[in-house]
Every structure is written in structure tokens, then in C-alpha cells.
Amino acid sequence: MFRHILSGSAALVAAVAIALPAVAQEWRPSRPVDLIVPSGAGGGHDNNARLLGAIMEKYAGQPINIINQPAGGGVVAYREMRDAEPDGHKIGQVSVSIVSDQFRIEGVDYNKDSYAYIGQISADQNVLVVAANGPYGEMDVTQFIEAAKAEPQAIAFGVSGNWTNHDYTRYQIEQATGAQFLRVPIKGGAQIVLSLLSGDVQAGALYPSEIKAQVDAGQLKPLAHNGSEPLAAWPDVPSFSSLGLEVNLAIWRALVMPKDTPEEIRKGWESILEQAMNDPALKEGYANAGIGYAYRNAEDTIELVNEAEAAYRSISEAAGVQKASQ
Amino acid sequence: MDFVSNIALGLAVAVTPWNILYCFAGVTLGTLIGILPGIGPLATMAMLLPATYALDPTSALIMLAGIYYGAQYGGSTSAILLRLPGESSAVVATLDGYAMAQKGQAGVALAIAAIGSLIAGTFGTLVLAAFAPALANFAISFGAAEYFALMVVGLVAAIVLSSGPILKSFGMLILGLLFGLVGADINSGIDRFTFGVPQLSGGISFVVVALGLFGITEILGNLERSETRRLVSARIGRLLPRLAELRSVMPAILRGSGLGSLLGILPGGGVTMAAFASYTMEKRVAAQPERFGQGAPEGLAGPESANNAAAQTSFIPLLTLGIPSNGVMAMMMSAMLIHNIQPGPQIISGTPDLFWGLVVSMWIGNLMLVILNLPMIGIWVRLLLVPYRFLFPAILLFCCIGLYSVQNDVTDIYLAVICAALGYVFLKLRCDPVPLLLAFIIGPMLEENLRRAMLLARGDFGMLLTRPLTASLLALALILLVMAVLPKIRRTRKVAFQEE
């Protein structure tokens, strides 16, 4: 709370300096804004929101309060973003789960059409890693997949819960290659890293920020990733696509607002976000925090969202994903 | 040498103006709540937990740790002066400490307690610095099966070492495990016991259970008692003990430090156990055991040292294995998780600045406490004059703010009220809720590790017996349990806790 007050007053000073020469016709918020984050404080989602929020304050001319709503695995937050007053003073940060939740959680009553879009703010790849001193530490990705195919279910693959992004990646690798892993649910990326180090599991598909320390220390070895651009941290690691394998469900985050927000207000936010995403301070903050930089305007984001929903729909149906009660 | 460079790193982190300030805030608050009976370190930490969002994780942990060991100092002050233990670990200090105060040696008693605590705190910190890295290196190779076995030992120890009848502790433990089941099952994603409330699918928050069962319940219990507080009018007397007095209690301080350090490391162990064990030990080795209870300085020095040493070393299981050994450590774990720090063997190598900063700050905090407690003793005593009718509404308000801010959701306040009602029933039934709290936090980890171990062993229960470390730990748990129910030991245990 104190931080909000502090950053708020700092932003107010900045606002006076910057807002005046800004384009006068565009809509801007007239009072402090709530940015709802569907996760607790700390962690990738929250870090992303706090970094972006601090930069956007400069261009919005108003303080931006980060509201963490981790309840119900984000379901509560997604509903609140959808049902908010459409006046541009409550916006939300979403991840790819706004399109995948409906396929994996019973009773989810939101999908891509429940929101208006401001733009994409980041993207993160899943990196296939093995323990460097383990039985697969000397292999490249092709050799690893051959080994996995030779002995189905022999390689234990750590995933962070039921049909999370890590799990979808595991499924895509299996589908694309014909390999079969022993699927081992483990709570959270940090715990998967520990299980890799202790030898309990042999492989995992994790975000770069989750494995950076161990890869740099030579304890984990990255084999391949599911993004379309080279990894910022390890540009030599091949993508699955470059090997001709369809393993491509990288996650993204975006800003949204209620569906029936007036176009003028939505456009106002789109321009705030665009200015923030082009701010060098933001790019530097992302790099330090290990957040993958990726920006798309609203129109391109809708395309991204549509593609993701189609992909998750077909994979969930093919895999026979059982919806968990909510 | 590694050790020296590590301590240097710790000094660089701990001796920044902000961290010194947070350390000071922690130990001051700890002393305050230690002196005031009716509010413990657990409830205070639970209230402050959400406020640490805005802090750097190292500063947050430094402050929370300061509350914990600061309360050990403060607790003895009111025990010695008023025969009113501010903390359960200070109960022992009411025996010989109060007797000394009645003989006009209050100042000496306070000084002996503070000096003993400082020596023990230093000792405990050194033990932590020396053993934690080695243990963490070893623990890196632990798999799910080993963790499962370790947690079983922890839970059994929680029963054996808790106060009150075994059967009650066992019942509380089972309740805690059941509470821990609420929420989405990690393997299948299916919700358990959520009754369709989406807020419950992430599980019941630890802050809810801790504040409900400890914070609010403590207030209810205190409100029932009529407010009778006497303030010692007796002089505190001279503060500095003579050299001969110091020399005579030094062996007791050293014994207490060693015993406390050991008991602090054990799962389920903690400060109260350490204080009682040390008192029993001092009485046994004393030349004239009949002096105990009549103002024997060793009977004060030993336990006061032991509880402070244990307060330091009880951080070891959390910082090396990620397993909290008592309720306060469970709170520290929750504070680390809030800041996205996963407690476990990777803490020391992954975030050395946090680990060593915390260790060094504990020593600095201990030093601050001696300065805070001795010359300013008069001010602290005066605090006991604040009427409860002002104190309790304020505490309750802070509880509610804390509860709401965890998830920005009022559901947690309602849940805490339910927990508080439950806690009141436990209070009336004289059930110690600590096993419940421990089982609540260890239970989900226990389940996850057992199921993962079974999955990796392809469903073969035999793996629990064929992995040597797992088998030995499970055997240890069994022995502990058998010992606890054997009639002879049961009697000793009863004696150890009877003064409480």
C-alpha cells in the first residue's frame, strides 16, 4: 500500500512534466487506474505487471495500482476484468490461459470474446532441459528424442500441474516426435528444477527465467525451445520449428479491458501501451527480469489470440483433456 | 577461507542502513510482543506478512526473524519481573528468574538472561553458518522418496514434542492434514473440499489458519480473563553481575547453548522444548539441586541460553531442506514464497546474499537486543500498563487488514473467523494447535512427494524400503512414535511439560 502511495506521488510529478506536451486529443485516464493481475505478488506475472505498470504511469498521467488476485488460479481475476466498469480505469493483464482455461477447467465462463484488447506485452518460450550430469547430459535434441522413442515411459518429464503450459509442451513434443514420457506433476518450476538436479526426473520444459541460474552454472543443459525467435539468453539453442517439429505453444501476456469499453478509451490505452513498450527503460527492465520482450498492437493481438484458441482447442480435443472442476 | 568470505558477504548485506533499520524494527517489535502476554510472535508475523510485499525479500526476512528471536528476550523480561511469561518459552524463567527478582536481584537476573542469550545467539548463529551449507549440499541429492520420509519424521516429532496428551496432538495433526487437502489436486487438477467456492481452489491460505487459530484465538482467550496486572514496585537493583557470578553461570550458558542448538535443528523441536530440556539438565548436573526454584542463577541462565540458541538453529531445516520445523518457521516459509523464493537446498548457493545477510543480521540483532533490553528496561516494563481494551481492537483491526491484503479478497476474513471459532473450541478443550499448523503446511508437500515417489517407482511401495536413507528415516519415525507411547517415556514427557 505504501509503495502505491509513493509510486503514485512520483508518477504525479512525472505526469505534470510529460502529460502536457502529449497529444491532447487522445483519451487518458482521469484518476488512478487498477491493473488486475491474476497471480500473487512475486513471480513472472506480477513482475511483468509491476515493471510495465511503472512505465505506463509516465504516459497515462495517472498512478497505476497493481491488484493481485491469485484466488481460484486466476478465474476470479478474469471474471473481474470482464465485469469491470468499462470506463478505462480498471484493466487486466492476462496470459494465454484466458483461451486455454475453458478447455481444462469446468465452469469457466470467459473466452477470447469476453474482452477488448489493448495489446501483447510479453512472450516466454518453454525450453526443453536435461540435467547436465545425468544420462542425457551429453546428447543433443535429436539424440534425446531418439532415446525417448527407444524406451517409452523411461524418461520422467516434470510438468507443473495438470495441463499447464509446461504440460501442453510435453504433449506437443510427444505428438510431434512419437516419443512417450512418464508425466510427473510437480508444483512449480522451481521444484521441477530441484527434481532435475536430484535425478528424480530427467527432463522438463521450463521458462528461461526458471532455469537461467542452473544453465549458467552448467547444471542444466537446454536442448530446444518452442518459440519462433532465438532465445535471448542462449541464441545457439535450436527451436523445435527449425527442426521441423510442431512444438510451438509459447506463452504470451496481454492487456485487456471489458468487452463493451468505448473505442475511444480502448484506443487511448493502446497508445499508452505502445509508448511504454517502446521505452528503453522497459526493455532494460524486461531483460533484467528475464521476461521475453514481445509487443503487438490490438489488431495483431486479436490474431494471436484467435490462433492460440484454435491451437488449444484442437490439442485439448486430441489429447482428451479432462476438465477439472473449479 | 570460504567461511570468512561468506560472513563478509553477509556483513555487506546486513549492514546497510535499511537492513539495520528493519532488523531494529523487528527486534523492537519482538521485544514488545514478548513482554506483552497475549500476543505471540506467530500472530505478529502473520499480521506483518502482507506488509512485507513492498519490501526487498532479504529485508522482509531479516525483520520477521528479528520478531522471533526478539520475542525470546522480551518474554523473559516479564517472566522475571512479573512472573508473567510473555512467551511459552519463557515459562521456565518464571521459576528461578522471578525468585531472584524477589530477592532483590532483578537487575542481575535480567543481565544474566541477556548475556546468556547473546552468547547463545552467537553460538547458534555460528552453528547455522557452519552446518547449513554442508547440509544443503547433501540435501541436493534428495529425491521425492527421501523428502517424504523426512516429512514423516517431522510430523511424528511434532506429535511427540508438543505439549499435552499424545492422542490430542495426533488428532490435531490429522485435522491439519485434512485442512491441507483443500484445493486443486496437483496430479489431476480436480478440486477437493472446495464446495464450489473458487477462492478455495488454491487451498486455504496459511495466513488465514495462523491468524485465525493463533492471533484471534489468543485475543478471545485473553478477553475472558479478568485484567489483573501487578507492576513490580521492587527495585530492579544493580544491573551488572559481578565477575564471580558470571563465572559461575558460564558453564550453564554454554551447556544451554549446545543443547538448544541441537534441539532447534530437530524437526518439531523449538524454543520451548529447548528451555525445558535445559532446565532439567541444569537441575541434574547441579551440586545442590534443591536451590532450584529458590533463585538459582544457573536455572535461569541455562534455559534462557537454550531457547535463544534454538531460535537461531531452527532456521536450519527450513533453509537447507525447505521443511519448516515449527509454526514460526512455517511462517518464514510463507514469507519466502510470497517473494517467489522457494525454500530448499538451493537457497544458499542460489541466493547467497539472502542467506548470509539473514545469518549475520541475526547476530547483529542479538547485539541490539542486549542494548535495547538492559539500559531501557524501565521503559519496557511501563508498557505493561497499556490496558488491553486499547490493545485488542487495534490488533484485531490489523489482523483483518492483513487477511484482506493477502489475496485482495474478503473470503479470507470469513475463513479466518471460522478458524478463530475453531481455535476457541481447541482452547477450551486444551488442544495445542501447533501440530495442526505444522501438518497443514507439511501435509500437502508430504502428499505430493509420496505420490511423485510412487509415480517414479512405477507404483512399487517397496522403494520406501530399498532406498537406504528413506528406510532409515522411516525407521527413525517409527522408533520416535513407539518411544512416545511407551509408559516410562510418557511419564518423563509429562514431567517436562508440567510446569507449563
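Hi everyone, let me start right inside a sheet. In chain A, strand S4, residues 115-124, and strand S10, residues 251-258, run antiparallel and are joined by eight bridges. If you want one pair to click on, take A:Gln120, whose bridge partner in S10(A) is A:Ala254. Before I go on, please keep in mind that this is a predicted model.

So where does that pair of strands sit? S10 and S4 are neighbours in an open sheet of six strands in chain A, and the order reads S2-S1-S3-S10-S4-S11. The pairing in this sheet is mixed. From one strand to the next, the twist averages 25 degrees.

Now, which strands stand at the edges? Those are strand S2, residues 64-68, and strand S11, residues 293-296, of chain A. Each has a single partner strand, so one side of each is left without a neighbour in the sheet.

Let's walk in from the S2 edge. Strand S1, residues 33-37 of chain A, runs parallel to S2(A), with five bridges between them. Here A:Ile36 stands opposite A:Ile67 in S2(A). S1(A) also pairs with strand S3, residues 90-95 of chain A, again in the parallel sense, over three bridges. On that seam, A:Asp34 stands opposite A:Lys90 in S3(A). A general reminder while you have the strands on screen: in a regular strand the side chains alternate between the two faces of the sheet.

Let me zoom out to the whole of chain A. Its secondary structure comes to eleven helices and eleven strands. The radius of gyration is 21 Å, and the globule rule gives 20 Å for 326 residues, so chain A is as compact as a globular protein of that length. Along the principal axes, the C-alpha trace spans about 65 × 40 × 35 Å. Buried residues make up 50% of the chain. For those of you who like contact maps, take the contacts in chain A with a separation of 6 or more: 78% of them come from residues 24 or more positions apart.

How is chain A divided into domains? The assignment gives domain 1 as 2-123 + 251-319, and domain 2 as 127-243. The C-alpha centres of these two domains of chain A lie 29 Å apart. Across the boundary, seven residues of domain 1 are in contact with eight residues of domain 2. The domain 1 side of that contact divides into four nonpolar residues, two polar and one charged.

Next, a single residue I'd like you to look at: A:Ser160. It is in the loop between strand S6, residues 156-159, and helix H6, residues 165-177, of chain A. Is A:Ser160 buried or exposed? With 21 other C-beta atoms within 10 Å, and 20 being enough to count, A:Ser160 is buried. Leaving aside residues up to four places away in sequence, A:Ser160 touches A:His166, A:Ile186, A:Lys187, A:Gly188, A:Gly189 and A:Ile192. There is also A:Gly204, 44 residues from A:Ser160 along the chain, with the two C-alpha atoms separated by 9.4 Å.

On to chain B. Here we have 22 helices and two strands. Its radius of gyration is 22 Å, close to the 23 Å from the globule rule for 500 residues, so chain B too is as compact as a globular protein of that length. The C-alpha atoms fill a box of roughly 70 × 50 × 50 Å along the principal axes. In chain B, 57% of the 500 residues count as buried. Of its contacts with a separation of 6 or more, 80% are between residues 24 or more positions apart.

One helix of chain B to pick out is H3, residues 41-48, where eight of the eight residues are buried. Among them are B:Pro41, B:Met45 and B:Leu48.

Finally, how do the two chains meet? 32 residues of chain B are in contact with 34 residues of chain A. On the chain B side, helix H14, 346-350, and helix H19, 434-456, each supply at least two residues. H19(B) gives the most, with four residues. The chain B side divides into twelve nonpolar residues, 16 polar and four charged.

That's my tour, and thanks for listening!

Conventions. Residues are numbered from 1 along each chain as its sequence is written. Chains are lettered from A and ligands numbered from 1 in the order in which they are written. Domain bounds come from an automatic or database domain assignment. Two residues are in contact if their C-beta atoms, placed from the backbone, lie within 7 Å. Ala, Val, Leu, Ile, Met, Phe, Trp, Tyr, Cys and Pro count as nonpolar, Asp, Glu, Lys and Arg as charged, and the others, Gly among them, as polar. The radius of gyration is taken over C-alpha atoms; the globule rule is 2.2 Å times the number of residues to the power 0.38. A residue is buried if 20 or more other C-beta atoms lie within 10 Å of its own, exposed if 12 or fewer, and partly exposed in between; C-beta atoms are placed from the backbone. Two strands pair if DSSP finds at least two bridges between them. Axes are lines fitted to C-alpha atoms, for helices over the stretch in contact, and angles run from 0 to 180 degrees between N-to-C directions.
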